[in-house]
Amino acid sequence: MDIKDIIKPENFVYGKSKVLTDTVMHYCPGCSHGVVHKILAEVIEEMGIQDKTIGISPVGCAVFAYKYIDIDWQQAAHGRAPALATATKRLYPDKYVVAYQGDGDLASIGTAEIMHACNRGENIVVIFINNAIYGMTGGQMAPTTLLGMKTATTPYGRRADLNGYPLKITELIAQLEGTCYVTRQSVQNPGSVRKAKKAIRKAFENSALKKGTSFVEIVSTCNSNWKMTPVKANKWMEENMFPFYPLGDIKDR
Amino acid sequence: MAFKGAIVVDIEKCKGCSVCVANCPTQTIALAKKVNSKGYPYCYMENPDNCTGCGNCATVCPDSVITVYRVKI
Ligand SMILES: Cc1ncc(C[n+]2csc(CCOP(=O)(O)OP(=O)(O)O)c2C)c(N)n1
Ligand code: SF4
Ligand code: SF4
Ligand code: SF4
Ligand SMILES: [Mg+2]
């Protein structure tokens with residue numbers, strides 16, 4: 001069969017979400033942020049809530065998320081997305097509010113904000129991109145950096161005696177009464193992308209049911225600062241990140 | 001039931017990351033020897049006859065540049 005006979009509107013099965021803008025993302029080739037943006041846009045499109053969703057973008061590589069996903073946005077100071085999300089949700093209780101944060105943003109400078117927003121059980125969705133590094137600023141150690149992992153500030157590898165232990169903040173958040181759904185996902189292959197999308201969808205549905213805070217961690221790559229090709233970074237993540245940050249639901253009620 | 005597929009790549013927006021290539025179960029796609037205007041080698045169907053239209057490549061593409069078509073045969 002000729003390719004021309006296949007590439008016809010009636011044979012369309014999958015393409016770019018209408019909730020994504022045409023702006024080319026500034027992310028490095030192969031960056032997990034792009035995949036997560038895509039599935040977030042798809043969930044918003046499929047739920048028909050484009051004009052009912054307000055995103056809060058972080059400080060970090062995802063600072064420009066507002067250019068790529070065609071919803072209303074605010075951009076928070078570093079780590080303060082949960083505070084801004086709280087205010088936004090309380091002012092507009094009928095909207096869906098989603099805070100999108102990196103691990104430096106959420107688990108370091110913004111630890112207080114995320115803990116208290118989750119403990120208050122704000123009816124928001126939090127998407128937490130854990131790439132174990134400060135991506136935007138050139139690859140410094142994050143609280144989530146694995147032991148032994150080389151970064152710009154741990155050139156010989158992270159040491160527990162000097163740098164402390166990697167922080168499983170998602171497990172801590174699951175302890176808080178205010179959270180209803182806490183899960184850890186990834187986006188490196190088609191199966192994991194579909195699972196992560198389902199998790200994000202569930203988080204949005206929980207919001208409508210006023211069940212409390214839904215928290216979706218995506219174990220991610222930062223191939224540029226890990227100094228690997230995108231494909232190698234995905235493999236490294238599977239081999240090194242998943243044993244320490246195991247995938248799956250941590251809390252669902 | 002068998003399927004025959006084909007993809008269209010938005011060449012100018014492809015960043016040549018190769019994540020799609022690694023996730024194609026039928027070795028349909030590869031990175032071109034040529035580059036786009038940004039200097040990235042772009043994804044193309046090297047073996048178009050292999051494509052089943054499974055959509056794996058488009059699902060993992062961080063830049064959403066692949067559109068998938070499929071017919072039953
Ligand atoms: C108050 C303040 N402190 C520090 C910075 C510098 N800074 C910008 S992004 C960033 C870390 C981002 O890392 P992460 O949240 O993990 O996001 P990623 O880029 O990895 O997605 C830091 C420390 C800042 N912009 N503002
Ligand atoms: S620096 Fe890392 S997190 Fe930032 S866009 Fe590049 S790969 Fe992604
Ligand atoms: S995954 Fe997307 S951006 Fe990367 S090479 Fe394939 S088509 Fe290009
Ligand atoms: S649709 Fe499936 S078979 Fe066709 S190129 Fe993409 S991954 Fe390969
Ligand atoms: Mg990070």
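Which residues are around ligand 2? That was my starting point in this predicted model.

**Entry: ligand 2.** I went through the surroundings in chain A and noted Tyr27(A), Cys28(A), Cys31(A), His33(A), Cys61(A), Asn131(A), Gly135(A), Cys222(A), Asn223(A), Ser224(A) and Asn225(A). Next I looked up which element gives the most to this shell, and it is helix H10 of chain A, residues 223–226, with 3 residues. Sorted by class, the shell around ligand 2 holds 5 nonpolar, 6 polar and no charged residues.

**Entry: ligand 3.** I moved on to chain B. Around ligand 3 I found several cysteines, including Cys14(B), Cys17(B), Cys20(B), Cys43(B) and Cys61(B). Lys15(B), Gly16(B), Ser18(B), Leu31(B), Pro62(B), Val65(B) and Ile66(B) surround ligand 3 as well. I wrote down the classes too: 9 nonpolar, 2 polar and 1 charged.

**Entry: ligand 4.** This ligand has 13 residues around it, and Cys24(B), Thr26(B), Cys51(B), Cys54(B) and Cys57(B) come nearest. I counted no charged residues in this shell, which has 7 nonpolar and 6 polar ones.

**Entry: two helices of chain A.** I then turned to H4 (residues 81–91) and H6 (residues 111–120), whose axes lie 8 Å apart at an angle of about 35 degrees. From H4(A), I saw Pro82(A), Ala83(A), Thr86(A) and Arg90(A) meeting Glu113(A), Ile114(A), Ala117(A) and Arg120(A) of H6(A). Their contact has 4 nonpolar, 1 polar and 3 charged residues.

**Entry: confidence.** Last, I checked the scores. Chain B has a mean pLDDT of 97, and 100% of its residues reach 70 or more. For the complex, the predictor gives an ipTM of 0.97 and a pTM of 0.98.

Key:
Residues are numbered from 1 along each chain as its sequence is written. Chains are lettered from A and ligands numbered from 1 in the order in which they are written. This is a predicted model: local features need pLDDT of at least 70, side-chain atom pairs count only at pLDDT 80 or more; totals for chains, interfaces and linings use all residues. Side-chain values use heavy atoms; hydrogens and water are left out. pLDDT is the predictor's confidence in each residue, from 0 to 100. A residue is near a molecule or strand if one of its heavy atoms lies within 4 Å of it. Ala, Val, Leu, Ile, Met, Phe, Trp, Tyr, Cys and Pro count as nonpolar, Asp, Glu, Lys and Arg as charged, and the others, Gly among them, as polar. Helices (H or I, at least four residues) and strands (E, at least two) are DSSP runs, numbered from the N terminus. Axes are lines fitted to C-alpha atoms, for helices over the stretch in contact, and angles run from 0 to 180 degrees between N-to-C directions. Contact means heavy atoms within 4.5 Å.
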